[in-house]
Amino acid sequence: MGNLRALSCFILLILVVFTTARPKSGPDQKCKSGPVDLVFLIDSSRSVRPHEFETMRKFMIDILNTLDIGLDSTRVGVVQYSSQVRNEFSLKTHSKLENMVKAINEIVPLAQGTMTGLAIRYLMNEAFSPGQGDRPKVSNVAVIVTDGRPQDRVAEVATEAREKGIEIYAVGVARADMTSLRAMASPPFEDHVFLVERFDLIHQFGLQFQDKLCGIDLCSESEHGCEHLCESTPGSYICHCLPGYRLNADGKTCSAIDLCAEGKHDCQQICISSPGSFTCDCNRGHQLNDDEKTCSPIDLCAEGKHDCQQVCVYMGPGFFTCDCNEGYRLNEDEKSCAPIDLCAEGKDGCEQVCVYMGPGVFRCECTDGYRLNVDEKTCSPIDLCTEGKHGCEQVCVYVGPGIFTCECNEGYRLNVDEKTCSPIDLCAEGKHDCEQVCVNMGPGIFTCDCNKGYRLNEDEKSCSAIDLCAEGKHDCEQICVSAPGVFTCDCNKGFKLNRDKRTCTNMDMCNTVKHGCEYQCVNTPGSYHCICPEGQLLQEDGKTCGTCKSSNIDLVLLIDGSKSVRPQNFELVKKFVNQVVDSLDVSARGTRVGLVQYSSRVRTEFPLSMYHTAEDIKAAVLKVDYMEKGTMTGLALKHMLENSFSEAEGARPASHNIPRVGLVFTDGRSQDDISEYAKKAKEAGITMYAVGVGKAVEDELREIASEPVEKHFYYTTDFSAINTIAENLKLNVCPAESQGEVEVKDPCACENLVEFQQATMNSLDQLTQKLASMAARLEQLENQLLSRK
């Protein structure tokens with residue numbers, strides 16, 4: 001027997017040495033991760049900045065570089081989401097790493113909301129479907145990267161996805177909500193939920209994630225610390241012990257198994273332990289029987305050779321001790337017994353009342369207002385409200401054991417009987433803050449209303465008179481005079497009200513007023529305007545005539561170089577710029593041109609001071625390199641205002657009255673706010689033109705363009721049609737003669753004389769009508785004040 005045990009120990013020692021002596025793999029060994037179906041679900045909401053989105057690209061690419069990519073090993077898909085969901089490529093699209101990296105670098109952010117629940121449902125129903133490349137009996141792993149709180153519900157759809165076998169990792173950045181991340185991720189959360197302060201820290205998750213996917217043999221690759229045996233598992237390892245030993249709580253060291261101490265033996269008297277085994281022995285005065293387990297003793301109790309009052313307990317050959325029956329305790333003489341009163345000794349465990357029932361026997365009871373629990377020891381207060389034993393009409397409130405009081409729901413009041421309730425009418429009791437009419441809507445609820453001719457305000461309490469004139473709900477031809485809910489009609493100066501009390505008749509202003517026109521007076525509805533003979537231009541006073549002088553301008557063009565433009569279309573944009581240059585009189589003392597390109601950043605291609613001929617400008621335009629990134633139109637407007645029109649870059653001093661003109665060309669929505677600098681540019685006296693193509697947003701173009709917007713705003717759906725816009729753009733207008741370094745051109749060179757003259761007349765007509773309307777309104781208000789006095 002001893003020789004066999006020694007041989008077993010020797011064999012186990014050889015196994016330990018062989019296991020711990022395995023060679024370690026080289027440091028450049030490629031991670032073997034497959035087979036896995038892995039889908040990245042990336043948040044491209046508006047709050048994700050362009051540089052942050054670039055960090056997410058690198059994060060995904062870094063993880064892919066560590067994986068064994070292939071249709072028979074690890075398959076990867078990428079889904080982008082914001083207010084909508086877009087599949088960038090599916091599990092079956094690419095089988096090579098370089099193709100995946102190229103596709104990731106070409107992703108264009110959606111830049112909208114954060115519909116994470118919608119994205120997870122797409123992940124579950126589409127991304128992990130056989131049609132998209134999902135394989136049976138292959139693990140489905142999803143990595144969700146987000147920087148904000150979802151705008152829809154995620155808990156239910158995430159649970160459904162996990163129940164379908166999708167393992168979800170939730171990576172939150174900066175503003176992400178931890179509760180939402182835990183609702184999405186698979187348990188345990190400490191392995192599947194990661195929250196970092198900013199995007200450049202998500203590589204920390206990437207390192208942990210790689211360890212979980214990679215099948216590295218950590219037993220041979222690391223200092224595992226196992227005392228006996230080490231077994232590798234995916235991304236980790238497990239320590240084991242030799243036979244007869246048990247792994248300790250530290251998971252590394254081993255302790256000998258003592259079957260005797262653990263009571264895992266069948267020896268009758270004495271157990272002698274060895275690692276994982278035991279042998280039996282007997283006390284003095286006994287001998288081991290043939291079964292090597294039981295012993296044969298000398299039993300004085302069985303022979304009746306004792307003086308115990310109740311129970312004799314055999315203690316060994318020639319030895320015994322006395323004991324008592326249940327409910328009794330051995331006296332000091334160690335022979336006789338006395339009854340045990342557990343209540344008197346406080347050994348009952350009753351929470352409230354103990355009742356003695358006999359030697360060693362008792363029962364527990366409770367005081368008034370309490371009920372004995374199922375454990376027959378503790379007591380619970382009696383809640384008459386919960387048991388429905390109260391008689392309250394609406395609400396029962398627990399006060400104490402067996403005690404309650406009645407209350408009423410909101411909007412009701414407790415009656416004198418302290419059980420029933422009556423509804424509260426706040427309108428009848430005058431407990432409201434309505435300005436005009438209070439309407440009872442139910443117990444404790446009211447709403448406000450207004451008298452005829454008035455409308456309830458947004459505060460839903462006060463009232464405002466209904467101005468049918470201001471709301472356009474009238475049929476007056478010219479002037480509408482309002483009273484609460486009603487109106488009357490009037491006419492502008494130079495008109496008289498007809499008998500229908502609605503329409504007006506024009507009066508001949510040229511023959512009834514001193515118009516002061518130098519050349520000719522022309523009647524217009526309710527007014528007049530002056531015109532000049534051919535070859536002359538109406539001056540700023542609107543009455544005298546003069547010659548036309550072509551303006552020279554400082555022109556800065558802002559062109560969109562974002563990725564969505566595409567290289568071939570960017571060449572058309574450059575041709576568009578040169579077509580505009582061809583229509584200008586370019587010289588150092590005439591028109592100056594500067595060019596700025598913008599995408600995610602802004603770059604001055606050449607300032608106003610660099611080139612003084614159209615040929616030099618056009619050659620420089622053709623050499624401009626395409627940026628190919630985002631669309632930061634607001635940043636470009638700021639650069640134009642603060643740099644491009646500075647004297648340092650060639651803009652002429654404001655005192656010279658040289659018009660400053662800005663032209664913005666774009667093909668899409670701006671990724672930043674344009675409002676502030678679009679407004680500041682026009683307030684600085686810069687005439688702004690806005691040209692949009694394709695997916696350009698009309699509201700943004702109109703916000704950039706100067707008044708009148710229709711003359712400064714252009715749009716086409718196709719890049720090939722922008723040459724038509726260039727032909728229609730007329731940047732050389734005919735203002736009053738400029739000062740300073742202006743070259744005076746031949747009057748015949750003014751192509752827009754008639755258009756400018758007509759625009760001036762129309763502006764004067766509109767101004768006259770507005771003044772007449774204001775005068776009539778003031779007269780009406782004055783009459784109303786006099787009538788009240």
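Which residues in α11 meet which residues in α12? In this predicted model, Lys 574, Val 577, Asn 578, Val 581 and Asp 582 in α11 are in contact with Ala 614, Ile 617, Lys 618, Val 621 and Leu 622 in α12. Sorted by class, the residues of this contact comprise 6 nonpolar, 1 polar and 3 charged. The axes of the two helices, α11 and α12, come within 9 Å and cross at roughly 175°; because angles over 145 degrees count as roughly antiparallel, α11 and α12 are described as roughly antiparallel to each other.

Two salt bridges involve residues of this contact. In one of them, the side chains of Lys 618 and Asp 582 meet with an N to O distance of 2.9 Å, and this pair links distant parts of the chain, given that Lys 618 belongs to helix α12 (residues 614-622) and Asp 582 to helix α11, 36 residues apart. Lys 618 has a relative accessible area of 27% and is accordingly partly exposed. In the other, Glu 571 is paired with Lys 574, and the closest N and O atoms are 3.2 Å apart. Both Glu 571 and Lys 574 lie in helix α11 (residues 567-582), where a spacing of 3 residues separates them by about one helical turn. The two partners of this bridge have opposite labels in terms of accessibility only in part: Glu 571, with a relative accessible area of 39%, is partly exposed, whereas Lys 574, at 3% relative accessibility, counts as buried, the cut-off for buried being under 20%.Away from the two helices, Glu 471 forms a salt bridge with Arg 455, and the closest N and O atoms of this pair are 2.6 Å apart. Glu 471 is placed in the loop between β30 (463-465) and β31 (479-483), and Arg 455 in strand β29 (residues 454-456), so the bridge ties together parts of the chain that are 16 residues apart in sequence. Glu 471 counts as partly exposed at 32% relative accessibility, and Arg 455 likewise counts as partly exposed, at 38%.

Salt bridges also occur in a linked arrangement, in that Arg 246, Glu 262 and Lys 264 are joined in a network of salt bridges. Over the whole structure, the search finds 33 salt bridges.

How values were computed:
Residues numbered from 1 in each chain as written. Predicted model: local features only at pLDDT ≥ 70, side-chain atom pairs only at ≥ 80, totals over all residues. Heavy atoms only, no water. Salt bridge = Lys/Arg side-chain N within 4 Å of Asp/Glu carboxyl O. Helix = DSSP H or I, 4+ residues; strand = E, 2+ residues; numbered from the N terminus. Buried < 20%, exposed > 50% of the residue type's maximum accessible area, 1.4 Å probe, protein only. Axes fitted to C-alpha atoms, helices over the stretch in contact; angles between N-to-C directions. Parallel < 35°, antiparallel > 145°, perpendicular 65-115°, else oblique. Contact = heavy atoms within 4.5 Å. Nonpolar A, V, L, I, M, F, W, Y, C, P; charged D, E, K, R; others polar.
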